[in-house]
Amino acid sequence: MKTLTNAVQEVRLHGHKDADEFFSEQRSFVIQSCMRLRECSVAFSMTVSAEYRLSSIFSNLVKHTSLAGSSQAKNDKTLHGVLVKCSEGLDHCRSAAEERARSDDLTVGFALNLYEKYSLKAKAVLHHRMVLLHKKESTAKALEKATAKHQDDLEDKRDQAEAKFVAISKTTRHELVQYNEQRVRSFQELILEYAESQITIARQLYAQLTKTIAELDKIDIE
């Protein structure tokens with residue numbers, strides 16, 4: 001029920017104007033970030049799943065190639081040697097696909113999920129600030145229309161609403177500035193770590209396959 005209430009409030013306050021340009025820009029940015037990060041997170045999860053499936057396919061190929069090689073151990077030594085080396089090469093591909101999937105999940109996959117959670121938290125804080133802004137403005141308008149009998153009570157409510165709004169604005173501004181700076185730095189580090197991981201895995205696979213191909217070339221096929 002609370003989630004539904006918050007959703008209704010978000011829709012109701014979505015078009016509410018904020019005189020502070022900083023918070024107005026941050027609201028638009030965070031709303032877009034939440035949507036884009038969700039899309040990226042889902043798409044990247046599908047990529048990681050595809051890499052794990054590819055690793056599984058290579059695993060099956062390794063299994064069947066090894067079985068085929070074993071069945072030829074007595075009948076055809078040359079074919080047996082070729083199939084064994086092919087099995088080794090396929091196993092290197094399997095290992096690389098599995099390592100890539102695991103690495104991607106621990107770097108970009110983890111970061112996207114983390115950024116999405118941070119963005120949702122920032123969105124919630126900004127929404128709470130808008131609720132307090134709306135309350136502050138409402139109490140101010142009520143005070144303007146109030147009779148002398150209710151002015152003292154409404155003045156207290158206005159002052160309380162103003163104090164809460166000023167406090168959350170100050171805290172939120174500081175936290176958003178820090179978050180944006182940290183997000184840029186951490187994303188740069190993430191991209192570097194991700195690229196280095198991809199290069200390392202690709203180089204290892206290249207070296208392993210080069211060795212396997214060289215050993216295949218040594219097999220005398222009549």
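In this predicted model, the chain exposes about 15,000 Å², of which carbon and sulfur atoms supply 58%. Buried residues account for 29% of the 222 residues in the chain. One nonpolar surface patch, of about 250 Å², is formed by Leu-54, Ile-57 and Leu-61. Within this patch, Ile-57 lies in helix α2, which spans residues 21–71. The relative accessibility of Ile-57 is 48%, so the residue counts as partly exposed, the limit for exposed being over 50%.

The secondary structure consists of four helices and zero strands, and the order along the sequence is α-α-α-α. Among contacts between residues at least 6 apart in sequence, 84% join residues at least 24 apart.

In soluble globular proteins, nonpolar side chains tend to be buried together. The largest nonpolar core of the model has nine residues, namely Leu-37, Phe-44, Val-48, Ala-101, Val-108, Ala-111, Leu-112, Tyr-115 and Leu-190. Helices α2 and α3 (77–145) each contribute at least two residues to this core, and the largest share, five residues, comes from α3. A second, separate core comprises six residues, among them Phe-23, Cys-34, Ala-122 and Leu-126. Returning to the largest core, which includes Val-108, the contacts of Val-108 beyond four places in sequence are with Phe-44, Leu-190 and Tyr-194. Of these partners, Phe-44 and Leu-190 are themselves listed in the largest core.

Ser-87 is located in helix α3. With a relative accessibility of 7%, Ser-87 falls under the 20% limit and therefore counts as buried. When neighbours within four places in sequence are set aside, Ser-87 is in contact with Val-62, Thr-65 and Ser-66. For the pair Ser-87 and Thr-65, the separation is 22 residues in sequence and 5.6 Å between C-alpha atoms.

The structure holds zero disulfides; that is, no pair of cysteine sulfur atoms lies within 2.5 Å. The accessibility of individual cysteines was also computed. Cys-40 has a relative accessible area of 41% and is therefore classed as partly exposed, whereas Cys-93, at 18%, is classed as buried. The value for Cys-93 is under the 20% limit, and so the residue belongs to the buried class. Cys-34 is included in the second nonpolar core described above.

Technical notes:
Residues are numbered from 1 along each chain as its sequence is written. This is a predicted model: local features need pLDDT of at least 70, side-chain atom pairs count only at pLDDT 80 or more; totals for chains, interfaces and linings use all residues. Side-chain values use heavy atoms; hydrogens and water are left out. Buried means under 20% relative accessible area, exposed over 50%, partly exposed in between (1.4 Å probe, protein chains only). Patches are made of residues with over 30% relative accessible area and no salt bridge: like charges are joined within 9 Å, nonpolar side chains (Val, Leu, Ile, Met, Phe, Trp, Tyr) within 5 Å. Accessible areas come from the Shrake-Rupley method with a 1.4 Å probe; for residues, only the protein chains shown count as cover. A salt bridge is a side-chain nitrogen of Lys or Arg within 4 Å of a carboxyl oxygen of Asp or Glu. A nonpolar core is a set of buried Ala, Val, Leu, Ile, Met, Phe, Trp, Tyr and Cys residues joined through side-chain atoms within 4.5 Å. Contact means heavy atoms within 4.5 Å.
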